[in-house]
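Below is a short report on one protein chain. It moves from the overall fold to a single helix.

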Amino acid sequence: MVKIKDRAVILDNIELSEINDGEVERRISKAFSNFFSSYTQSYNKLFNRTGSLFAKNFKRKQITTQRQWQETFLYIHLNPVKHQFVKNEFLWKWSSLIAYKKWDSPSNIFRNEALIYFDGFSHIEYLLNSKRDFLLGLDLE
């Protein structure tokens, strides 16, 4: 149990192996939802404010096509460029893109997955360059 001021969030003490994955996910999600709601209400009451403290939930979307997979891959790697953290996606120190570029070096990334959707790294580079040029040409402010 987690207690914040006069509100409590109780995480059920149950055998998780006895229920299906969907139910486990629903219960965990509900527990966190209750916790964050309680925290927000207490914080807002303490500081005499209203509104959300946290960013809105993100949504999952299943990738169903090759094109969607490619676009998602490019979006992830070009996002630091889009938000002007770096001028080139290879300069982003947290990017996995270098692992794709250095195909023969050891990595924890499942690089072979990319071979299903791209025709080698030169294809990835070509698409990244095209998208980056397009993004940098936009007025993003």
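Helices (H or I, at least four residues) and strands (E, at least two) are DSSP runs, numbered from the N terminus. By that rule, the protein chain has five helices and two strands. Their order from the N terminus is β-β-α-α-α-α-α.

This is a predicted model: local features need pLDDT of at least 70, side-chain atom pairs count only at pLDDT 80 or more, and totals for chains, interfaces and linings use all residues. Residues are numbered from 1 along each chain as its sequence is written, and side-chain values use heavy atoms, with hydrogens and water left out.

Buried means under 20% relative accessible area (1.4 Å probe, protein chains only). Contact means heavy atoms within 4.5 Å. Accessible areas come from the Shrake-Rupley method with a 1.4 Å probe.

| Property of the protein chain | Value |
|---|---|
| Buried share of the 141 residues | 23% |
| Share joining residues at least 24 apart, among contacts between residues at least 6 apart in sequence | 45% |
| Exposed area | about 11400 Å² |
| Share of that area from carbon and sulfur atoms | 53% |

Now helix α2. It covers residues 66-82, 17 in number. The expected span is 1.5 Å times one less than the number of residues. That gives 24 Å, and the end C-alpha atoms lie 23 Å apart, which agrees.

The helix is kinked by about 35° at I76, shortly before the proline P80. The bend is the angle between axes fitted to the seven residues ending there and the seven starting there.

P80 is also buried, as are W69, Q70, F73, L74, H77, L78 and V81. The buried residues of α2 pack against α3 (97-101), α4 (112-117) and α5 (121-137). Just after α2, Q84 has a positive phi of about 60°.

How values were computed:
Buried < 20%, exposed > 50% of the residue type's maximum accessible area, 1.4 Å probe, protein only.
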